[in-house]
Amino acid sequence: MTARRKFGAKNVTGWKATIAIAMANYIEAGSIIAAASSLTLWQAYLGLDNFAVGLLGAVSANALGAAVGALIGGPITDKYGRAMVFKYDLLVYMVGVLLIALSFNFPMLLVGTIITGVAVGAGVPVSWTFIAEESPEDKRAAHVGTAQLAWSIGPMITFFLAVAVAPLGLLGSRLIFLHLLVIAFVTWYIRQGMSESKIWEREKEEQKKLAQKKGKGSSVKELFTLAVNRKALFLLVGIYLFWNLVSGAMGYFMPYIYENVGGLSNSQANLLQGFLWMFTVLGTFFGFMKYGDKISRRFIFGLGAIMGIVAWMILTFMPMAWVSLILFVVLWGAAAGIGAQAFYALWTSELFPTLYRASAQGLMYFTVRTGIAIWSLILPTLMATLGFKTAGIVMIIFLVIHAVIGIVLAPATQGKTLEQIERERYGDKNLLKGQTLEK
């Protein structure tokens, strides 16, 4: 009797596997931007008020939807393996974007937005975790940067597509979501040929042996009971939350701001954002990926943080004309390429043990995206009542806080294997897996 052939690609390893995982970031970020670029179109088509607009942003892949997905996906990834999530997360994603593409009323659009958001959140911890675990220690920033690169290329292409299909109105937006559906299917197909993370398999086997011998092992509770984990949580949530309160709001509301504050047309707003993301692509490739394994990561992070602050000072205090807008796009776009998200993806994979690495990411991602959800509900009303300048000042404060935390607490993990980092931070592995550690 012949063996039944497994559906999907075969022998997806190395850089091919990294790219297959990173492509999820393309479609995930693309779905955020597809929604952002069409927000005013949906508002006009369905007659949405400010609360409904804020609600879509709050439950989207940009905020609460992703938060819930990450909280679910992280523990599943650690318990059942990285490959387990790869088999199903994009199937859920495809259902969500199809619902959005076919939406003809607000409930349908809202449900599709929620499903897409949950699928995006579930895929983020496993993507960053797997890439870091399978990367060479001297090229980890380059490999992790591939995910950031895809995350930037997705919005860039999506915004340019939005400009191209602008004459079609809302139909053009529906076509953009359908293009994400097709790419999601191709990516899912390729992923079926991927093997499990070797580090996870090895650690899981050791954990089973220890559990049989002593009846206990590593626990996610250690995230809060161990001082070394509490410090890592403060660093990572600090840089990612406060940076994302700005970046997350931009990801969903920036075209809305360009149109309602700057007086730009929908096509002009989307074109401007497309160029912003182009500079993020350039910053990621020529900054983070090229030098993240070679020169001081503290310096790279600090440079990106300062550039981001300057960009928002220009946007907030200068008239929103083409000169200030172009300066903002260049500065913020390049800064985002070497900024908090790239370093968060890298450091969050380095600073926690293999057995609860994805769970830690899921918990932190949940915290950050919940913060964005709250801010997304507030921001449209805040701008309508107190004006954009007040919102901009708040954004600058968020960026200053994230910059201080990141520059002061940047860890020295460059050029080390994940196992070496784990030993340095936690001591002997047997101590980590069940005996007493210094609290």
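## Buried charges: R140 and E350

In this predicted model, R140 has a relative accessible area of 1%, so the residue counts as buried. The side chain of R140 meets that of E350 in a salt bridge, with 3.0 Å from N to O. The two residues come from distant parts of the chain: R140 is in helix α7 (residues 140-164) and E350 is in helix α15 (residues 340-350), 210 residues apart. E350 also counts as buried, because its relative accessibility is 1%, and the cut-off for buried is under 20%.

## E133, R357 and the other salt bridges

The whole structure holds nine salt bridges. One of them pairs E133 with R357, where the closest N and O atoms are 2.8 Å apart. E133 belongs to helix α6 (residues 106-133) and R357 to helix α16 (residues 357-386), so this pair ties together parts that lie 224 residues apart in sequence. Is each partner buried or exposed? E133 is buried, at 5% relative accessibility, and R357 is buried, at 0%.

A further salt bridge joins E424 and K416, with 2.9 Å between the closest N and O atoms. Here E424 counts as partly exposed because its relative accessibility is 48%, whereas K416, at 19%, counts as buried. Elsewhere, D78, R82, E133 and R357 are joined into one network by salt bridges that share partners.

## Helix α4

Helix α4 covers residues 64-80, which is 17 residues. From its first C-alpha to its last, α4 reaches 24 Å, close to the 24 Å expected at 1.5 Å a residue. The buried residues of α4 are G65, A66, A67, G69, A70, G73, G74, T77 and D78. D78 is also a member of the salt-bridge network with R82, E133 and R357. After α4 comes G81, with a positive phi near 110 degrees.

## A nonpolar surface patch

Which residues form the nonpolar patch on the surface? They are L64, V68, I72, I76, Y80, M84, Y88 and L91, and together they have about 670 Å² of accessible area. Two elements, α4 and α5 (82-101), give two or more residues to this patch. The largest share, five residues, comes from α4. Helix α4 therefore has both buried residues, among them G65 and G69, and residues in the surface patch, where a patch residue must have over 30% relative accessible area.

M84 is one of the patch residues and lies in helix α5. At 35% relative accessibility, M84 counts as partly exposed, because this value falls between the cut-offs for buried and exposed.

## The protein as a whole

The protein has 19 helices and zero strands. Its radius of gyration is 21 Å, close to the 22 Å that the globule rule gives for 439 residues, so the protein is as compact as a globular protein of that length. The C-alpha trace spans about 65 × 60 × 35 Å along its principal axes.

Of the 439 residues, 60% are buried. Contacts between residues at least 6 apart in sequence join residues at least 24 apart in 84% of cases. The accessible surface comes to about 17,100 Å², and carbon and sulfur atoms account for 70% of that area.

Key:
Residues are numbered from 1 along each chain as its sequence is written. This is a predicted model: local features need pLDDT of at least 70, side-chain atom pairs count only at pLDDT 80 or more; totals for chains, interfaces and linings use all residues. Side-chain values use heavy atoms; hydrogens and water are left out. Helices (H or I, at least four residues) and strands (E, at least two) are DSSP runs, numbered from the N terminus. The expected span of a helix is 1.5 Å times one less than its number of residues. Buried means under 20% relative accessible area, exposed over 50%, partly exposed in between (1.4 Å probe, protein chains only). Patches are made of residues with over 30% relative accessible area and no salt bridge: like charges are joined within 9 Å, nonpolar side chains (Val, Leu, Ile, Met, Phe, Trp, Tyr) within 5 Å. Accessible areas come from the Shrake-Rupley method with a 1.4 Å probe; for residues, only the protein chains shown count as cover. A salt bridge is a side-chain nitrogen of Lys or Arg within 4 Å of a carboxyl oxygen of Asp or Glu. The radius of gyration is taken over C-alpha atoms; the globule rule is 2.2 Å times the number of residues to the power 0.38. Contact means heavy atoms within 4.5 Å.
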